[in-house]
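Let's take a relaxed walk through a protein fold, from the inside out. Have a look at the sequence and the picture first.

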Amino acid sequence: MTTDAPPPVWDPLHPEFRSDPYPWYEALRTADPVHRIDDYSVVLTRHDDVLRTLRGPEFARDIEQHAAAPINDLVMERRRQRSEERSKSILNLDPPDHTRLRKLVTQAFTPKAVDQLRHATEQMVDDAIDRAAGRGGMEVIDELAFPVPFQVISAMLDMPTDRADELRDWSQLLTATLEPTTTLEDLDRADVAINELIPYLFEIIEQRRHNLGNDVVSALLTAESEGDRLDMAELMSFVVLLYVAGHETTVNLIGNGLLALLEHPDQLELWRNDPALDASAVDELLRFNGPVQNTVRVPLEPVTYTGIDGEPIVVDPGSIVTTCLGAANRDPALFDKPNELRLDRPNAQRHLALASGIHYCLGASLARMEASVALTRLIRRFDRIELVGTPTWRDRYTIRGVDYLEIEFN
Ligand code: HEM
């Protein structure tokens, strides 16, 4: 990284932006917080603009349907075509369809439902640590951060765990399409993944239909609200989303979170000695370096933001508005000394790492519980935990995560 401040531009292809977007966010927020990329796209970096956009009923999430992308945008054309061919996931739906689906699936993810998984999660974490303890170290992503959320989501859905490697690969191909730099080749690869994943899940779901159990798939098969049910296509999209969300994001919360702690040993020590922080420390880790850096909305009517000199900036309906969650989470207007990690930060839970409004992360309680269990069991098991070598980051922007993190402990 250079020591000079970067220019106030949004450049997710730039290697320095990809390796550390925070100085770039700061430059934008300071000089051009409502940054126009072109006539139909803007990028927001202030907390209050991002919050308002995520919460506003005047914004849609269904980009394919509402974005006014120019005729020569081949990637957008292809996205539209794909979205017409299959059922959209809850993440991409707007009300009233979103409201209907969310009502049907909320039950399985309430804090109470998640709390029932805590004990099993502790066991999974302890098993993962036990397997490495004799070696005096582990590669955290492959040995802890991936297997634990994967086993938890598989247990919730009562899915077999024998194809973990393939599922992990498919998830990564699917989440590559969330990047602002998505290419036609990325979309092709995601289609290959989805064409393998769907028959695999279809078979399991069909068997489950005749053999209902105490799992989330069974609950979804029978879920009913006001006489309404999920159809097979909706159920499939939802299970795919759970898999992907369960695989990628929580993995990164554990990986990014542990790295942040190792780089701030005073904070690691603070948490290790203070169980009162167990419920809240994860929010500061989410704020500090969250696994999801941005999401998008499309205004359905003209929307006015305020520029750096108080000037009105009108964004047309159909524009793509990129909300930088990671930038909002470091906004000094809300967070004192935002670039410092402080696990006892009083307002950390106002971060937007899990979004806000109607699409607020459905798995929020689950992700918090998993990360808190994984990190506290690890840091309280060993007196000394240290980094070995240099961690590496996956070359992605939207889904931000360490992909190699080796530690030693005793
Ligand atoms: C630290 C881990 C996680 C992070 C940072 C995260 C982040 C997010 C964000 C930012 C959104 C909203 C996107 C938008 O508004 O455009 C979202 C939605 C969602 N998340 Fe998560 N997520 C995490 C873990 C999980 C887990 C473990 C699950 C479930 C197993 C999950 C399931 C979902 C679902 C179903 C939605 C769509 C909700 C809706 O559209 O109503 N997430 N997540």
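How many residues does the largest nonpolar core have, and which of them have the most contacts inside it?

## The core

Keep in mind that this is a predicted model. Its largest nonpolar core has 102 residues, and Val239, Ile254 and Ala374 are the ones with the most contacts inside it. Helix H14, which covers residues 232–263, gives the most to this core: 15 residues. In soluble globular proteins, nonpolar side chains tend to be buried together.

Let's zoom in on Ala374. If you skip its neighbours within four places in sequence, Ala374 is in contact with Val125, Leu144, Val148 and Ile254. Ile254 is also one of the residues with the most contacts inside the core.

## The whole fold

Now step back. The protein has 18 helices and 10 strands. Of its 410 residues, 40% count as buried. Looking at contacts with a separation of 6 or more, 71% of them come from residues 24 or more positions apart.

What about overall size? Along the principal axes, the C-alpha atoms fill a box of roughly 60 × 55 × 40 Å. A compact globule with 410 residues would have a radius of gyration near 22 Å, and the protein has 21 Å, so the two agree.

## A closer look at helix H12

Helix H12 runs over residues 184–209, which makes 26 residues. At 1.5 Å a residue, H12 should span 38 Å, and its end C-alpha atoms are 36 Å apart, so that agrees too. Which residues of H12 are buried? They are Ala190, Ala193 and Leu197.

Methods
Residues numbered from 1 in each chain as written. Predicted model: local features only at pLDDT ≥ 70, side-chain atom pairs only at ≥ 80, totals over all residues. Core = buried A, V, L, I, M, F, W, Y, C linked by C-beta atoms within 7 Å. Buried ≥ 20, exposed ≤ 12 C-beta atoms within 10 Å, placed from the backbone. Helix = DSSP H or I, 4+ residues; strand = E, 2+ residues; numbered from the N terminus. Contact = placed C-beta atoms within 7 Å. Rg over C-alpha atoms; globule rule 2.2 N^0.38 Å. Expected span 1.5 Å × (residues − 1).
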